[in-house]
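Trainee: Please pick one part of this model and take me through it closely. Show the reasoning behind each label as you go.

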Amino acid sequence: MSEIDESRAPLLDHLIELRRRLLYCIAALIVTFAVAMYFAEDIFGFLVHPLLAAGQNKVIYTEIFEAFFVQIKVAFFAAMMLSFPVIANQVWQFVAPGLYKKERGALLPFILATPVLFLTGAAMAYYIAIPMALHFLLGFDGMVGGIHREALPAIGNYLSFTMQFLFGFGISFLLPVLLMLLERAGIVTRKQLISARRYAIVAAFAIAAVLTPPDIGSQLLLAIPLVILYELALIGIWFTERSRAKAKALEGDATDIVES
């Protein structure tokens, strides 16, 4: 009897298990949202630090409820990040029983690498890309046609600007995980990815142009790491292909020994 047959359960049991996992995820999100809401001003203070470092010491809000809704959004974004390990674990607990042992061993490293790569991308955005973009965008202050032009960022717009960078860089850094999963699923091969390298480079710069301000520095900060991550994914796929080939060869040798 196979591993999957041993763990096979009726559809109703799967639905009950799914509901239980979803309730755990919702509970984790609610708890982390409550905690993040309490510290929303401190979290926003952390997010606004690059703006302060760029010489801008004032933000405004032009709608009555804007400041309140910004706190809600800040708490929600923070709750999503804080609850991600719990949500990922619940997804894994639901999916793992339906996988073979080898498939579980192959998928688990990708799940563990996801938050690390996302946080790496978000950190690069916060510490490097956002300050550089702000330096460029706030450089338009000054006299224009005899009048003084001054930047007065609204807190809602600044939060959207920051979240666009953090999530854009964070998700973009998941490229190796995505490519290796696609190769593992048999959707693409390493040879196909190698032949598509030139298109991937163009796509990297197109993504950077969409997710960053129009200055070339910010675009390069995202496009170049995307290209490097693409190459790292190719290297990772090469190693996994070698590992699978060795494992298959060992299985073949073991089968020959048993038959003889």
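**Arg21 and its surroundings**

Mentor: Start with Arg21. Its relative accessibility is 13%, so Arg21 counts as buried, since the cut-off for that label is under 20%. Keep in mind that this is a predicted model.

Arg21 sits in helix α2. That helix covers residues 11–38, which makes 28 residues. Check its geometry. At 1.5 Å a residue, α2 should span 40 Å, and its end C-alpha atoms lie 41 Å apart, so the two values agree.

Arg21 has company in being buried. The buried residues of α2 are Arg21, Cys25, Ala28, Thr32 and Ala36. They pack against two helices, α3 (40–47) and α5 (66–95). For Arg21 itself, leave aside residues up to four places away in sequence. Its contacts are then Gln90, Gln93 and Phe94.

Now the charges. Arg21 forms a salt bridge with Glu17, and the closest N and O atoms are 2.7 Å apart. Both residues belong to α2, with their positions four residues apart, or about one turn of the helix. Glu17 also meets the side chain of Arg20 in a salt bridge, at 3.0 Å from N to O. Glu17 and Arg20 are three residues apart in α2, which means that about one helical turn separates them.

How exposed are these two partners? Glu17 has a relative accessible area of 22%, so it is partly exposed. Arg20 has 35%, so it is partly exposed as well. Both values fall between the 20% and 50% limits, which is why neither residue is called buried or exposed.

How many salt bridges does the count come to? It comes to three. One of them joins the side chains of Glu231 and Arg197, at 2.6 Å from N to O. This pair links distant parts of the chain: Glu231 lies in helix α11 (residues 216–259), Arg197 in helix α10 (residues 197–211), and they are 34 residues apart. Glu231 has 25% relative accessibility and so counts as partly exposed. Arg197, with a relative accessible area of 30%, is therefore partly exposed too. Back in α2, salt bridges with shared partners join Glu17, Arg20 and Arg21 into one network.

Next, follow the packing to α5, one of the helices that the buried residues of α2 pack against. Here the topic is aromatic rings. A search of the whole structure finds twelve aromatic pairs. One of them is Phe68 with Phe69: 5.7 Å centre to centre, 55° between the planes, a tilted pair. Phe68 is at 43% relative accessibility, so it counts as partly exposed. Phe69 is at 46%, so it also counts as partly exposed.

Then take Phe77 and Phe167. Their ring centres are 5.6 Å apart and their planes stand at 55°, so this pair is tilted. It links distant parts of the chain: Phe77 is in α5, Phe167 is in helix α7 (residues 155–172), and they are 90 residues apart. With 23% relative accessibility, Phe77 counts as partly exposed because buried requires under 20%. Phe167, at 24%, gets that label because of the cut-off as well. Phe77 and Phe167 belong to one aromatic cluster together with Phe76 and Phe118.

How values were computed. Residues are numbered from 1 along each chain as its sequence is written. This is a predicted model: local features need pLDDT of at least 70, side-chain atom pairs count only at pLDDT 80 or more; totals for chains, interfaces and linings use all residues. Side-chain values use heavy atoms; hydrogens and water are left out. The expected span of a helix is 1.5 Å times one less than its number of residues. Buried means under 20% relative accessible area, exposed over 50%, partly exposed in between (1.4 Å probe, protein chains only). Contact means heavy atoms within 4.5 Å. Rings of Phe, Tyr and Trp (its six-membered ring) pair if their centres lie within 6.5 Å; planes under 30 degrees apart count as stacked, over 60 as edge-to-face and the rest as tilted. A salt bridge is a side-chain nitrogen of Lys or Arg within 4 Å of a carboxyl oxygen of Asp or Glu.
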